[in-house]
Amino acid sequence: DYMLPRAYRRPRGLTGATREGMDLQKAKKDLSDLLAGKRILKPVYDHASGKVLPEAEVIPKDIIIVTGNATYYPELDASYDIGYFIGVSKTDEEQTVQWRARRSFEKRGYPTMNAALKWERIVLADYHRFVEPGASVADLLYEITGKYKLILKEKSARAEQLLNMKR
């Protein structure tokens, strides 16, 4: 939701996965405020129109889960107690492209062919370039395989310590 409007990004050659295509300072401030127990007004990004809609209120909770493309940029990842990464199995990439294209068509209103081409040419490349490196700093590394089965692929020593403390 912290992506800048498409009208701003597109002429500059930016996508929603690039650091410059997001408002990371707002994301950092919002996360800091949530962790301090403060309510925030978070942007809402509409993927169909590429516009930022009116903000939505988020009330802090005991557990805060941060998701999305920007989660492992240094501006944000130092705030986490534990980080997780959900990646796509290399053998299931084509199936994932088809699933994401169908989702973009059904939920975001993209024409099916445009969604598939966009995923193959832009989103998957951005995923490998900007998002996938986040796996190297995650404490828990999951992989989606087969019929969207989630498996734990790797666990850091830090994650092991944190998970044992919670028992």
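At 18% relative accessibility, Lys42 falls into the buried class, because a residue is counted as buried when its relative accessible area lies under 20%. The structure considered here is a predicted model, and Lys42 serves in what follows as the point of entry to its description. The residue is found in strand β1, where the bridge partner of Lys42 is Ala56 in β2. The side chain of Lys42 also makes a polar contact with the side chain of Asp1, at 2.2 Å. When residues up to four places away in sequence are set aside, the residues that Lys42 touches are Asp1, Tyr2, Asp30, Glu55, Ala56 and Val58. Ala56 is thus both a bridge partner of Lys42 and one of the residues in contact with Lys42, while Asp30, another of these contacts, is itself a buried residue of helix α2.

The strand that carries Lys42, β1, spans residues 40-46, and β2 spans residues 51-58. These two strands pair in the antiparallel sense, with 6 bridges between them. They form a hairpin in which 4 residues lie between the strands, and within this hairpin Gly50 adopts a positive phi near 75 degrees.

Helix α2 comprises residues 24-35, a total of 12 residues, and from its first C-alpha to its last it reaches 16 Å, close to the 16 Å expected at 1.5 Å a residue. Within this helix, Leu24, Ala27, Asp30, Leu31, Asp33 and Leu34 are buried. The cover over the buried residues of α2 includes both strands of the hairpin, β1 and β2, together with helix α3, which consists of residues 74-77. Just after α2, Gly37 takes a positive phi of about 85 degrees, and a positive phi is likewise found at Gly50 in the hairpin of β1 and β2.

At the level of the whole protein chain, 6 helices and 5 strands are present, and from the N terminus on these elements follow the order α-α-β-β-α-β-α-α-β-β-α. Of the 167 residues in the protein chain, 35% are buried. Among the contacts in the chain with a separation of 6 or more, 53% are accounted for by residues that stand 24 or more positions apart. The accessible surface of the protein chain amounts to about 10900 Å², and carbon and sulfur atoms contribute 55% of this area.

Definitions and conventions
Residues are numbered from 1 along each chain as its sequence is written. This is a predicted model: local features need pLDDT of at least 70, side-chain atom pairs count only at pLDDT 80 or more; totals for chains, interfaces and linings use all residues. Side-chain values use heavy atoms; hydrogens and water are left out. The expected span of a helix is 1.5 Å times one less than its number of residues. Buried means under 20% relative accessible area, exposed over 50%, partly exposed in between (1.4 Å probe, protein chains only). Contact means heavy atoms within 4.5 Å. Two strands pair if DSSP finds at least two bridges between them. Accessible areas come from the Shrake-Rupley method with a 1.4 Å probe; for residues, only the protein chains shown count as cover. A polar contact is a pair of N or O atoms within 3.5 Å; within protein, one must be able to donate a hydrogen and the other to accept it, and residues adjacent in sequence count only if both atoms are side-chain atoms.
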